[in-house]
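Me: I am new to this structure and would like a close look at a single part of it. Please take one helix and follow what surrounds it in the model.

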Amino acid sequence: MGLHGFERRLEALVEGVFSRAFRSGLQPVEIGRRLAREMDDRRTVGVHGLIAPNSFRVRLSEPDRVRFEAFETTLLRELADAARAHARDEGYGFLGQVVVTVETDPALHPGQLAVTSEIVADPDGRVGSLVTADGRRIPVADRPVVIGRLSSCDIPLGDPQVSRRHAEVRRDAEGFAVFDLGSTNGTVVNGAPVRERRLADGDELRIGSATIRFETA
């Protein structure tokens, strides 16, 4: 079930503006399958369960790299998101941020690819990020991440329904949590209004009209 969901997410890349680039030849879903296989084959048992690789190096032939070049940033972000979704489906954990890089390998022919992976631990041992609708990723470290209408906020939102300092996400000894900062219109997590709530991987925060996804390794 996990791999099927992984593939469905990647198949969406060939729709719309990507359709012409990926009409033939190497497809994003083929890279995704290789990433999933790397995670499944190289998972290991950690203190709190199964740990999967989180750093992936994708090597492509020169013609395929040229085809992917115009969409490379989006493609790598979607591949990383799909890897996180596969990890959630399979119950894998990560020790650091998921990173996918790509490079040209002159030894490869069109349609061929090679993927290597490794487990790269974050120095703090716990990683959390807030992902905005435009794909921006804001790490949650020792300093809280503040969300609000002020331009000085870590995630500024130009929405009159959002308070100047609306909410913040903090990391502590227990993990990660969101706190409403006395906002006028409230903070919503997975459809439920909250004043304070522990966050789990994949939780969605609704602040005004903005949806922000929380991800953790």
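Reply: What follows starts from helix H4, then turns to the pocket beside it and to some other parts of the chain.

The model is a predicted one. Its chain has 4 helices and 16 strands, and 45% of its 217 residues count as buried. Among contacts between residues at least 6 apart in sequence, 57% join residues at least 24 apart.

Helix H4 covers residues 72-90. Its 19 residues should span 27 Å at 1.5 Å a residue, and because its end C-alpha atoms are 27 Å apart, the model agrees with that expectation. After H4 comes Gly-91, with a positive phi near 75°.

H4 also takes part in a pocket. Two elements, H4 and strand E16 (210-216), each give two or more residues to the lining of the second largest pocket. That pocket has a volume of about 160 Å³. Its lining is made up of 13 residues, and those nearest the centre are Val-131, Thr-132, Ala-133, Gly-135 and Arg-213. Sorted by class, the lining has 7 charged residues, 3 polar and 3 nonpolar.

For another helix, take H2, residues 28-42. H2 has 15 residues and reaches 21 Å from its first C-alpha to its last, close to the 21 Å expected at 1.5 Å a residue. Its buried residues are Pro-28, Val-29, Ile-31, Gly-32, Leu-35, Ala-36, Glu-38 and Met-39.

Now the strands. Strand E3 (residues 55-60) runs parallel to strand E4 (residues 99-104), and 6 bridges join them. In this pairing, Ser-55 has Val-99 of E4 as its bridge partner. E3 also pairs with strand E5 (residues 113-118), in the antiparallel sense and over 6 bridges. Here Phe-56 is matched with Ser-117 of E5. In a regular strand, side chains alternate between the two faces of the sheet.

Last, a single residue. Phe-179 lies in strand E11 (residues 175-180). The relative accessible area of Phe-179 is 13%, and buried means under 20%, so Phe-179 counts as buried. Its contacts, leaving aside neighbours within four places in sequence, are Ala-167, Glu-168, Arg-170, Arg-195 and Glu-196. Of these contacts, Glu-196 is 17 residues away from Phe-179 in sequence, yet their C-alpha atoms are 4.5 Å apart in space.

Conventions:
Residues numbered from 1 in each chain as written. Predicted model: local features only at pLDDT ≥ 70, side-chain atom pairs only at ≥ 80, totals over all residues. Heavy atoms only, no water. Expected span 1.5 Å × (residues − 1). Pairing = 2+ DSSP bridges. 1 Å grid on protein atoms, 1.4 Å probe; cavity = no way out; pocket = protein on both sides within 12 Å on 5 of 7 lines; lining within 4 Å. Points joined across faces, edges and corners; volume = space filled by probe spheres on them. Nonpolar A, V, L, I, M, F, W, Y, C, P; charged D, E, K, R; others polar. Buried < 20%, exposed > 50% of the residue type's maximum accessible area, 1.4 Å probe, protein only. Contact = heavy atoms within 4.5 Å.
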